[in-house]
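Student: I'd like a close look at the empty space inside this protein. Please start with how far I can trust the model, then take me through the hollows.

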Amino acid sequence: MSGDGWSRRRFVGLLARTATAAAVLPAATACGDSPGAGPETSSTPTATAADTGAPGRERGPSGPRPLYLGTYTSVEGGGRGIGLAEYDPHTGEITGRGTVTGVADPSYLAVHPDGRTLYAVNERVDGAVTAVRLSDRTVLGSRSTGGSGTCHLSVHPRGRWLLSADYGSGSVAVHPIGASGALGERTDLVTHSAPPPGPGQQGPHAHQILTSPDGGHVLAVDLGTDTVHTYRLDERAGTLTEMGRARTRPGAGPRHLTFHPDGRHAYLANEVDDTVAVCAFDPDTGRLTIGEAQPTGSGGGTNHPAQILVTPDGAYAFLANRGHDSITRYAVESDGARLRLLDTVPVGGDFPRHIAFSPDGGLLFAANQKSGDVSVFRVAGDSGELGPVGKPFASPVAVCALPL
C-alpha cells in the first residue's frame, strides 16, 4: 500500500469509527474509559545523577526513570489510556507501572519544559488535547482543537502555549497553558487551505507542529499538500501569522521534521515516497529550503518513514521505517548540511511508529504499533551504532514512547 493510501485510510477509519488492532490504520471510536476517570498508578520515581558511561554523554540518572506510552484506546486490543512505566537508564529494561485512564486515544505525548505536566492528543473525529498533572496523575481536563484527528502536539519552549496539529482537517491550533499546567480555551485555529493537495491526496493533512530551536518560528508539516508552513507566534495573543511555505517534490508526503542542534539545518521524513531530505533554515526569516530526496535504506520495498531524530551532539540521525521495520542510521556531515546513509538495524518489532531518545541520548526507544511493544537500543557515543538491549516491552498498540 502506498503512503498516501495509508493516510487516507487512517482518516476514513476515524470517520467510520471501525477498526481492529491489526488494521493498517487505527480508527478512533468510542472509548470504554469514562472521561475524567482517575489514575490507577503510583507516584513518579525520582532519580539522581550518575555517569552513564557513554562517550560524550552528560552525567545521567542512576535510578529508574519514567516512561510514558501512547496508544489507541478505541481499537480492538488497544490500551486503556496513557501507559506508565519505568526504565533503567543503564540496562534499558522497562517495567510497567499502570495506566492513566480517562484519556481517549492518546496517540502522541509531550511534556512541559518544567516536567510537571504531560500533554496528550485525543486522535478522534472531534480533535482535542488533554493535560495530566504528573505528581499525582490527575487528568486536568481536555480542550477542543477545533479540528479533527489530532495527531501531534508540542509545547512552545517558554512553556506558555501548546501547539497541536489535526491530520483530518489539515489545521493547527494554539492553546494557552495556565500556571497549574491546565489548558485554556483555544486562541487560534489555522486551516491549511492552500496550496492544493498533492498527488493522490484529497485535502490538507497537518501531521506535525514544532518550534524552531531559536524559539522564533513555528513550523507545521502538512502531508496532504507536500508543504511545510512557517508561522510567527504572537506570544501575547497566542495567534499564528504565516511567514512562508516550503514545498517538497509532488507526492513526497512529508510527515516529520527535526532540527540539527545548530538550528540552521533540519531533516524531513517523507512518508509517501519513502525518502528523507536535508533542509536549510534561516532563523532570521524562518525560511526553510528543502533539498533533494534521499533514500531510506529500505531497498525499494513497501516502506513508510515515520520519524527522524538527531543525536544531541548533531553527529548522527536515525529514521524509523514502517514496513521495512528498521531504523536507519545516517552520519551527519558538512556541519549539518549532508546526510550519509550508514546502515539499517532491525527494530525488533512490527511497524515502528515513533522513536525517542532518553534525555542523555544514550538510549533510543521505538514504539512498534502492530506488534504492540517497545524496543530499546543503546546508542554508541563514538559511532552512533545501535545495539538492542533487553527484550521488547509489551504495550498495547504502542504508537508513542516518551522517556524522561
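Tutor: Residues 14-59 are the stretch to treat with care: their pLDDT (the predictor's confidence in each residue, from 0 to 100) stays under 50. The model still gives this stretch 124 contacts (heavy atoms within 4.5 Å) beyond four places in sequence. What you have is a predicted model, in which local features need pLDDT of at least 70 and side-chain atom pairs count only at 80 or more, while totals for chains, interfaces and linings use all residues. Residues are numbered from 1 along each chain as its sequence is written, and side-chain values use heavy atoms, with hydrogens and water left out.

Over the whole protein chain, the average pLDDT is 88, and 85% of the residues score at least 70. Residues 1-12, though, fall below 50, with 38 contacts beyond near neighbours in sequence. The chain has 31 strands and one helix (DSSP runs: E of at least two residues for strands, H or I of at least four for helices). Of its 404 residues, 61% are buried (under 20% relative accessible area, 1.4 Å probe, protein chains only).

Now for the hollows. On a 1 Å grid over the protein atoms alone, a cavity is a set of points where a 1.4 Å probe fits but cannot get out; a pocket is an open set with protein on both sides within 12 Å along at least five of seven lines; lining residues have an atom within 4 Å of a point. A volume is the space filled by probe spheres set on the points, which are joined across faces, edges and corners.

Two cavities of 30 Å³ or more turn up in the whole structure. The largest cavity fills about 130 Å³, and among its 13 lining residues Tyr 108, His 152, His 207, Arg 255 and Arg 353 are closest to the centre. Strands E10 (150-155), E14 (206-211), E18 (254-259), E22 (304-310) and E26 (352-357) each give two or more residues to that lining. By class, it has four nonpolar, seven polar and two charged residues.

The largest pocket has a volume of about 1,300 Å³. It has 37 lining residues, and nearest its centre lie Tyr 108, Thr 258, Gln 307, Leu 309 and Leu 402. E10, E14, E18, E22 and E26 each supply at least two lining residues here, as do strand E6 (109-111) and strand E31 (400-403). This lining has 23 nonpolar, 13 polar and one charged residues.

How values were computed:
Nonpolar A, V, L, I, M, F, W, Y, C, P; charged D, E, K, R; others polar. Buried < 20%, exposed > 50% of the residue type's maximum accessible area, 1.4 Å probe, protein only.
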